[in-house]
Amino acid sequence: MRTAWELYDPVTLETYVWPVNPHTDNGSHAITKRTGYEVVAGLRQSGGDDRIDSIVFGNGFELEKFAYEGKTYSLAERETLEDWATRDYDVILKDDLGREYSVLIESIVFSRLRSVKNRFKQSYTLSGIILEEL
């Protein structure tokens with residue numbers, strides 16, 4: 001028995017049930033550490049030479065990323081995923097194993113696939129940030 005993936009919007013109380021689950025986990029739950037850079041300009045050394053340096057530092061805040069790949073088979077599926085990807089607040093993602101995450105979707109990228117039966121068949125990569133596991 002298939003368990004569908006779901007997106008839930010806590011603001012509009014809307015739920016989207018994926019007709020076809022994503023098929024590839026493309027590096028989800030990877031940790032990305034934010035790194036800051038500071039430029040020190042006009043530093044004069046003891047020999048009288050001017051020098052410009054960069055200082056690299058991390059602020060210690062780590063972001064957990066996700067990226068899933070799948071296929072859409074209709075224009076409605078594509079438009080629905082585009083709608084979810086344009087929301088500027090976090091939504092709830094539930095996978096087929098029952099795990100739930102608060103996520104901020106950063107992007108969705110579509111690529112056309114050749115298909116005789118489905119003229120709107122496309123592959124997609126949905127990616128973003130995992131804010132917390134619920």
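# A walk through the model

A search of the whole structure turns up five aromatic pairs, and since this is a predicted model, treat each stop as a look at a prediction.

**Stop 1: two tryptophans.** Select Trp-5 and Trp-18. Their rings form an edge-to-face pair, 5.7 Å centre to centre, with 90 degrees between the planes. Now follow the chain from one to the other. Trp-5 sits in the segment before strand 1, while Trp-18 is in the loop between strand 2 and strand 3 (24-25), so the pair ties together parts that are 13 residues apart in sequence. Buried or exposed, what is Trp-5? Its relative accessibility is 6%, so Trp-5 counts as buried. Trp-18 is buried too, because its relative accessible area is 3%. Next, add Tyr-16, Phe-66 and Tyr-68 to your selection: together with Trp-5 and Trp-18 they form one aromatic cluster.

**Stop 2: the core.** Keep Trp-18 on screen and add Val-103 and Ile-105. Within the largest nonpolar core, which has 19 residues, these three touch the most other members. Colour the elements that each supply at least two residues of this core: strand 5 (50-72), helix 1 (75-85), strand 6 (91-94), strand 7 (100-112) and strand 8 (122-133). Which strand gives the largest share? That would be strand 7, with five residues.

Now zoom in on Ile-105. Leaving out residues up to four places away in sequence, Ile-105 touches Phe-66, Trp-84, Ala-85, Val-91, Leu-126, Ser-127 and Gly-128. You met Phe-66 a moment ago in the aromatic cluster.

**Stop 3: down the helix.** Select helix 1 and highlight Glu-77, Leu-81, Trp-84 and Ala-85, which are buried. Turn the view until you look down the axis. The buried residues of helix 1 fall within an arc of 100 degrees, so they line one face of the helix.

**Stop 4: Thr-72 and Gln-122.** Go to Thr-72, in strand 5. At 1% relative accessibility, Thr-72 counts as buried. Show its surroundings: not counting residues up to four places away in sequence, Thr-72 touches Glu-77, Arg-78, Leu-81, Phe-110, Phe-120, Lys-121, Gln-122 and Tyr-124. Pick Gln-122 from that list and hop over to strand 8, where Gln-122 lies. Gln-122 counts as buried because its relative accessibility is 14%, under the 20% cut-off. Which side chain joins that of Gln-122 through a polar contact of 2.6 Å? It is the side chain of Arg-78.

**Stop 5: strands side by side.** Show strand 6 with its partners. Strand 1 (residues 6-9) runs antiparallel to strand 6, and three bridges join them. To find one place where they meet, select Glu-6, whose bridge partner in strand 6 is Lys-94. Strand 7 is also antiparallel to strand 6, with four bridges between the two. Here, look for Ile-92, which stands opposite Ser-102 in strand 7. Then trace the hairpin of strand 6 and strand 7: there are five residues between the strands, and Gly-98 in this hairpin takes a positive phi near 85 degrees.

**Last stop: an unusual backbone angle.** Most residues other than glycine have a negative phi. Select Leu-13, which is not a glycine, yet has a positive phi of about 65 degrees. Leu-13 is in the loop between strand 1 and strand 2 (14-17). Turn on the surface here: at 58% relative accessibility, Leu-13 counts as exposed.

Notes: Residues numbered from 1 in each chain as written. Predicted model: local features only at pLDDT ≥ 70, side-chain atom pairs only at ≥ 80, totals over all residues. Heavy atoms only, no water. Core = buried A, V, L, I, M, F, W, Y, C linked by side-chain atoms within 4.5 Å. Buried < 20%, exposed > 50% of the residue type's maximum accessible area, 1.4 Å probe, protein only. Contact = heavy atoms within 4.5 Å. Arc of directions from axis to C-beta. Polar contact = N/O pair within 3.5 Å; in protein donor to acceptor, adjacent residues only side chain to side chain. Pairing = 2+ DSSP bridges. Phe/Tyr/Trp six-rings, centres within 6.5 Å; stacked < 30°, edge-to-face > 60°.
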